[in-house]
Amino acid sequence: MTLPTTAGAARADLAALVASSADLIATLQDAGGAYPASPTFSAYAGYSWFRDGAFIADAMSAYGRAESAERFFDWCAGVLESRRDDIGAITAAARTGAPVADSAMLPTRFTFDGRAGDDEWWDFQLDGYGTWLWAIAEHARRHGADAARWASAIALTVDYLASSWQRPCFDWWEEHAEHVHVSTLGCIAAGLRAAASLGVLDDDGAALAAAAAADVEGFMVRRGVAEGHLSKWVGSTAVDASLAAIVGVMDVVPAASELGAGTIAAIERDLTVDGGVHRFVGDTYFGGGQWPLLSCFLGLAHARAGDADRARELLDWAAGTAGADGSMPEQVERHLLDPSRVDEWVARWGPSADPLLWSHAMLVRLAVALDGAPESAPAPQESAR
């Protein structure tokens, strides 16, 4: 069937945006392997997150840029191995029943050379460490890569997560450190399950990863469900858009299951306007705009559930947020939840992040899920750094 001219042009425009997004990520990737969150936004410049970066690496891997993904995994492994003693102290303290303070836990973001950075941040988050394990397993499955290359760091991560997963910590959005967040539990479960399946751990390590994954998943469905959907945090009845990853691309809760469908429906009902998705009800960060990367996560969940048409609508909406130069923002000021809160954030950090590499990555990832990767992905560009 031949697409109408307008539809064909739109598909060509989307393919060009996907290709330019992968090129942008490859160009901005640091020589050491780290993906910058945003090259220009004042609060993010010079830093790489394990969570954002792992999803970016998964998108690059899915698009055929295997070398880029592996350089990021190498960087993560180096960061973890340099903190072997810290991880040992954390796990030993947890075993004694006297866990270390939150400030002594691993940071959530690092400078490109692997340091924690000097400025104050909402640092204790566990989700990224599960996400990088999951991304390695996805990459190994997709490309036949030998994950033994990262075995030492994988083992350290399993020890860290198995000893710490029940601790409250900041969520994806660096908020509410007093809670146990369900999207964080999902990322941890996905990572531990992946680590157990990779075949690079010794028997004790593999058993620890599998047992901890089962414990996390069991806790999540017992304590992290409200009104038929996954909840924002344990004890909450609200939903958070980050949960779309748990029932979508990470497949911790199958999207077509009753709980997965309930979670997708709750995000659509409470957080979605047209194709744009808010983070959560009551969000005031830069006024609480709509995030293209969350539209893509929700699109991946719909695709997993079998609704390719809705997934396509969400992809098209996300693509429509790109500027004339193809740059994709962190969020757009459409249907702001609290317009009165925009100016205070602009005064603090300047205009919101644009480009955000995670936005570009999730566009790529959803496009691959719907249309497949190019038969021959373009060769990676040299790093600009």
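**Helix packing and an aromatic pair**

Biologist: How does α4 pass α6 here, in a left-handed or a right-handed crossing?

Modeller: In this predicted model, helix α4 makes a left-handed crossing as it passes α6.

Biologist: Which residues make that contact?

Modeller: On the α4 side they are R84, I87, I90, T91 and A94, while α6 contributes S152, L156, D159, Y160, S163 and S164. Sorted by character, the residues of this contact comprise 5 nonpolar, 4 polar and 2 charged.

Biologist: And at what angle do the two helices pack, and how far apart are their axes?

Modeller: Helix α4, covering residues 84-95, packs against helix α6, residues 151-164, at an angle of about 30 degrees, and their axes are 9 Å apart. Angles under 35 degrees count as roughly parallel, and α4 and α6 are therefore roughly parallel to each other.

Biologist: Switching topic, how many aromatic pairs are there?

Modeller: The count comes to 34 aromatic pairs. One of them joins W172 and W358, whose rings are 5.5 Å apart centre to centre, with 45 degrees between the planes, and this pair is classed as tilted.

Biologist: Where do W172 and W358 lie?

Modeller: W172 is in the loop between α6 and α7, and W358 is in helix α14 (residues 357-371), so the pair ties together parts that are 186 residues apart in sequence.

Biologist: What's the pLDDT like for the protein?

Modeller: The average pLDDT is 94, and 95% of the residues score at least 70. Over residues 1-6, however, the pLDDT is below 50, and this stretch has 2 contacts in the model beyond near neighbours in sequence. Residues 380-385 also have a pLDDT below 50, with 19 contacts beyond near neighbours in sequence.

Notes:
Residues numbered from 1 in each chain as written. Predicted model: local features only at pLDDT ≥ 70, side-chain atom pairs only at ≥ 80, totals over all residues. Heavy atoms only, no water. pLDDT = per-residue confidence, 0-100. Contact = heavy atoms within 4.5 Å. Axes fitted to C-alpha atoms, helices over the stretch in contact; angles between N-to-C directions. Helix = DSSP H or I, 4+ residues; strand = E, 2+ residues; numbered from the N terminus. Parallel < 35°, antiparallel > 145°, perpendicular 65-115°, else oblique. Left-handed = near helix turned anticlockwise from the far one by under 90°. Nonpolar A, V, L, I, M, F, W, Y, C, P; charged D, E, K, R; others polar. Phe/Tyr/Trp six-rings, centres within 6.5 Å; stacked < 30°, edge-to-face > 60°.
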